[in-house]
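Me: I have a structure open here and would like to talk through it with you. Could you start with the ligand?

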Amino acid sequence: MSYKESYTQQLRSNFLKYTRKAFKSLPKMEKPRVLDLGCGSGLLTIELTNLTNGDIIAIDIDKGLLDQLNKKIEERNLTNRITTKRMDLLKNDFQDNYFDLIWEEGVVQLIGFKKSFKVCHRILKVGGYLVLGQAIKTMDKNQDLITKCGFELIKQLNWPEDCWWTEYYEPLERKIKEIREEKENPDIFENISVIEAEIRMVKTKLKDSDCAHYILLKKRK
Ligand SMILES: C[S@@+](CC[C@H](N)C(=O)[O-])C[C@H]1O[C@@H](n2cnc3c(N)ncnc32)[C@H](O)[C@@H]1O
């Protein structure tokens with residue numbers, strides 16, 4: 001993992017407290033079957049093993065990220081708790097009504113809300129939960145799909161306003177400033193100008209980054 005990746009992962013882990021809060025608002029589930037959808041390098045996957053005593057299947061389309069997760073699983077002796085699969089959600093071979101819980105953060109907007117909701121509805125048990133970590137603005141545009149696709153919105157837990165700025169981009173900007181002032185080795189980040197452009201973009205539309213966890217219940221259609 002490059003320094004940039006490990007530094008941004010460290011910043012990304014600031015948001016795990018919101019994941020924990022959302023998880024704790026779910027009814028207690030004994031040994032649930034959990035899908036971590038679009039697990040990436042597994043920040044949430046590992047956290048889920050602390051939050052639940054169930055078995056977790058973590059899927060992603062990116063082999064490099066899954067390799068990183070597999071390394072973490074080995075290092076933490078979690079092979080009996082987590083199974084990883086290189087799989088596209090839209091081409092999954094899971095049985096109908098299989099999972100008690102599907103967790104996603106920052107993934108369904110890449111795949112498409114309607115397609116993702118349909119697939120998640122098929123593979124979730126009736127009474128199972130789909131938990132989304134999404135930008136409020138994006139979710140607002142897709143709210144009507146929740147009931148259309150057979151779910152009920154049980155709860156919305158907003159993250160603090162501007163937390164993407166205060167807990168992620170601002171520290172990242174400070175780190176880059178240190179590099180620019182030669183207090184840090186410039187080689188520790190690849191492509192500083194790309195990160196700077198991302199920071200500039202976020203700064204101009206801070207409200208667009210405001211996020212929430214959405215807890216959706218699968219209803220019988
Ligand atoms: C923004 S990252 C989120 C990673 C992780 N959930 C997190 O919060 O740190 C989105 C992830 O979704 C994965 N992804 C994109 N399309 C997918 C698909 N069709 N099926 C499964 N995973 C997908 C990407 O490879 C990427 O790792």
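**The ligand and two loop residues**

Reply: The ligand sits in the largest pocket, a pocket being an open set of points on a 1 Å grid over the protein atoms alone, where a 1.4 Å probe fits, with protein on both sides within 12 Å along at least five of seven lines; to sit there, more than half of the ligand's atoms must lie within 2 Å of its grid points. This is a predicted model, in which local features need pLDDT of at least 70 and side-chain atom pairs pLDDT 80 or more, while totals for chains, interfaces and linings use all residues. Residues are numbered from 1 along each chain as its sequence is written, and side-chain values use heavy atoms, without hydrogens and water.

Me: Which residues come nearest to the ligand?

Reply: Of the 17 residues around the ligand (a heavy atom within 4 Å), those that come nearest are R12, G38, D60, D88 and L89.

Me: And what are the distances for R12 and D60?

Reply: A side-chain N or O atom of R12 lies 2.7 Å from an oxygen atom of the ligand, and for D60 the corresponding distance to a ligand oxygen is 2.6 Å.

Me: Changing topic, where is N77, and what is its phi?

Reply: N77 is in the loop between α4 (63-75) and β3 (82-86), helices (H or I, at least four residues) and strands (E, at least two) being DSSP runs numbered from the N terminus. Its phi is positive, about 55°, although N77 is not a glycine. Most residues other than glycine have a negative phi.

Definitions and conventions. Polar contact = N/O pair within 3.5 Å; in protein donor to acceptor, adjacent residues only side chain to side chain. 1 Å grid on protein atoms, 1.4 Å probe; cavity = no way out; pocket = protein on both sides within 12 Å on 5 of 7 lines; lining within 4 Å.
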